[in-house]
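Trainee: I am new to this structure. Please take one part of it and go through that part closely, with enough of the whole chain to place it.

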Amino acid sequence: MSLFKARDWWSTVLGEKEEFDQGCLCLADVDNTGNGQDKIIVGSFMGYLRIFNPHPVKTGDGAQAEDMLLEVHLRDPILQVEVGKFVSGTEMLHLAVLHSRKLCVYSVSGTLGNVEHGNQYQIKLMYEHNLQRTACNMTYGSFGGVKGRDLICIQSMDGMLMVFEQESYAFGRFLPGSLLPGPLAYSSRTDSFITVSSCRQVESYKYQVLAFATDADKRQETEQQKLGSGKRLVVDWTLNIGEQALDICIVSFNQSASSVFVLGERNFFCLKDNGQIRFMKKLDCSPSCFLPYCSVSEGTINTLIGNHNQMLHIYQDVTLKWATQLPHIPVAVRVGCLHDLKGVIVTLSDDGHLQCSYLGTDPSLFQAPKVESRELHYDELDIELKELQKIIKDVNKSQGIWPMTEREDDLKVSAVVSSNIDTVSQATDVEVGTDLVPSVTVKVTLQNRLALQKAKLSVYVQPPLVLTCDQFTFEFMAPEMSRTVAFSVYLKGSYTPPELEGNAVVSYSRPSGIPRVIQCKFRLPLKLICLPGQPSKTASHKLTIDTNKSPVSLLSLFPGFANQSDDDQANVMGFRFLGGSRVTLLASKTSQRYRIQSEQFEDLWLITNELIIRLQEYFEKQGIKDFACSFSGCMPLQEYFELIDHHFELRINGEKLEELLSERAVQFRAIQRRLLTRFKDKTPAPLQHLDTLLDGTYKQV
């Protein structure tokens, strides 16, 4: 809530149940009077075009009939209105109206009235362009450095830029990788178009590059033609801002420098011509519109930013200079000269509230009511103050901030995984097949410094790994006491887990009652889910890992999987998962590469992850710190998507089978009821093959 409110100079409400957006408002001398007085042009999604010239008798007056110069229903929704030199052969200003499938350029003129009704205004269609694609927004300027005229660029909903040289269509270009259209602006100093793509990055395209790029009508050409033509559309510069943009505005107050302003969902950016950040400001409220304009201080720029809290903030660079309250949420804001009054702020809401206001500190007539006074008893106040201070002191003692070392010393948790597989496997109810499923013992030790109550230990592993016991409770632990628990881990399902890391979490309460949580991670051995296997020379899926160090013998990396009968295991090693699938690991003799291959794509991950971890541990023991792994091939997205499709198909089939089972169960119960009725009947009747139908339904179930 601002202390000051925007002072209402003139306001009106447009139509009934009409909708407006940021492109629906424009201020310009559209009728070419030459006196420097702006007119307010407003278009709505209902197709109404209105032009206002407000001149209130006194501040705060509502709209009079003579304030509206023109109101025309154009039938099609109006997406954006702009004023510029859009007609060839003249430098007069004309009005461009963008519809979803059409661009129209009008001339606005007025004739002096001879009676009290005043002047009469009308619009005349100069030309129009029917669009082949649905339009989103447009921008205009002297593209290519032309003098005395403005060209128009329209962005379609599918990411195509269509350039019109006044009455003629010039060319169309698709923006590379376009998914959703963003705000569009033109920089005359760099002769480039600036937009924000769906990748949440600001992109700049030179007009000359757009003009000489491959035409949009030839988008379906072959890849060979694209490589040979040399006319691919290349972005000039990009900047990742990490959020969607609401609007873009380019400000240039002199020919030496210009700034690109981008309004994001949470931040406000100012960029240089080359895409470098000049400054940025994190906004406290969700913005709805903005407008940069010149500042009285040299080298700075003022910016109006409206937000969804019905506030209008004025920033000088990143410093908040003024905040004022509006009666509505603005979706568009402009500054102009109206009725010889410079700097009038014009705001438009999405439901048609149009207001002209100015910033001021007019005093409010509201006066706060007097508070009833009461006698003060200082002795009672001193007693109450001491009681409150004692409560605060006790709370600070019980909830004080201890050093992190003391918190950690309250309880220490350590986990030790046995280096050998259990002699007698603890696996029960396994679904792996004919293989003997091994298990490994893990011991977790708790050492506490203080007395603890109701300490609870929870252990987590990735499925299909399971624990013989995953919950342990300690009702009371005396100071300087150590408790150790042991449990076994084994593989229950026939598929591989995503990782072999487990997590032990202990939750407890300090003597003061403050809860604490501490955790400890442990790593399970690979031989828990994998056995030595025969290497395979061929495989459907292969993955190559590049390193910056000489290859290491696989026998030293995986000592538990060495096969005595094979002498070539220094470079080749086979693994067989308990589920039955096989993976082969190869180390290159000449290059610094390792290859993992398997018949199933999902089996590659676990061995790849284990290889990288063991290589890092190996070189850390050698004292080498600059070891690095890399993958230079193409991302195997096709195989990943195939697995997703297969999983989705299985889910669909599972739902169909559940529906079929439900239908057969209902049918089975209905037949049972019919048979039971026949058997209870005193006069026996033929079964009419109900027993056969019952038997067939039972087999289907």
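Mentor: The whole chain comes before the part. This is a predicted model, and its secondary structure comes to eight helices and 44 strands. The chain has 701 residues, of which 40% are buried. Take the contacts between residues at least 6 apart in sequence: 56% of them join residues at least 24 apart. The exposed area of the chain is about 40,200 Å², with 51% of it supplied by carbon and sulfur atoms.

The part to look at is strand E17, with the strands on either side of it. E17 covers residues 192-196, and five of its five residues are buried. A residue counts as buried when its relative accessible area is under 20%. The burial holds on both faces of the strand: Ser192, Ile194 and Val196 lie on one side, Phe193 and Thr195 on the other, and all are buried.

One pairing partner of E17 is strand E16, residues 184-187; the two run in the antiparallel sense and are joined over four bridges. Within this pairing, Ala185 stands opposite Ile194 of E17. Ile194 is also one of the residues on the face that holds Ser192 and Val196. E16 and E17 make a hairpin with four residues between them, and in that turn Asp191 has a positive phi of about 55 degrees.

The other pairing to follow is with strand E18, residues 201-206, again in the antiparallel sense, here over five bridges. Ser192 of E17 has Lys206 of E18 opposite it. E17 and E18 also form a hairpin, with four residues between the strands; Arg200 takes a positive phi near 65 degrees there.

For another pairing elsewhere in the chain, look at strands E25 (residues 301-307) and E26 (residues 311-316), which run antiparallel and are joined by five bridges. Gly306 stands opposite Leu312 in E26. These strands belong to an open sheet of five, in the order E1-E27-E26-E25-E24, with mixed pairing. Strand E1 (4-5) and strand E24 (287-294) stand at its edges; each has a single partner strand, so one side of each has no neighbour in the sheet.

A helix can be read in a similar way. Helix H7 takes in residues 637-680. Its 44 residues should span 64 Å at 1.5 Å a residue, and this agrees with the 64 Å between its end C-alpha atoms. The buried residues of H7 are Phe668, Ile671, Leu675 and Arg678. Residues three or four places apart in an α-helix point the same way, because there are 3.6 residues a turn. Helix H8 (690-700) is included in what covers the buried residues of H7.

Ile644, also in H7, is partly exposed because its relative accessible area is 40%, a value between the 20% and 50% cut-offs. Ile644 helps make a nonpolar surface patch of about 600 Å², together with Phe631, Met635, Leu637, Tyr640 and Phe641.

Last, Ser630 is found in strand E44, residues 629-630. Ser630 counts as partly exposed, at 40% relative accessibility. Leaving out residues up to four places away in sequence, Ser630 touches Thr544, Ile545 and Asp546. Its C-alpha atom is separated by 9.7 Å from that of Arg593, which lies 37 residues away along the chain.

Definitions and conventions:
Residues numbered from 1 in each chain as written. Predicted model: local features only at pLDDT ≥ 70, side-chain atom pairs only at ≥ 80, totals over all residues. Heavy atoms only, no water. Buried < 20%, exposed > 50% of the residue type's maximum accessible area, 1.4 Å probe, protein only. Contact = heavy atoms within 4.5 Å. Areas by Shrake-Rupley, 256 points an atom, 1.4 Å probe, with all protein chains shown as cover. Patch = residues over 30% accessible without salt bridge, like charges linked within 9 Å, V, L, I, M, F, W, Y side chains within 5 Å. Salt bridge = Lys/Arg side-chain N within 4 Å of Asp/Glu carboxyl O. Expected span 1.5 Å × (residues − 1). Pairing = 2+ DSSP bridges.
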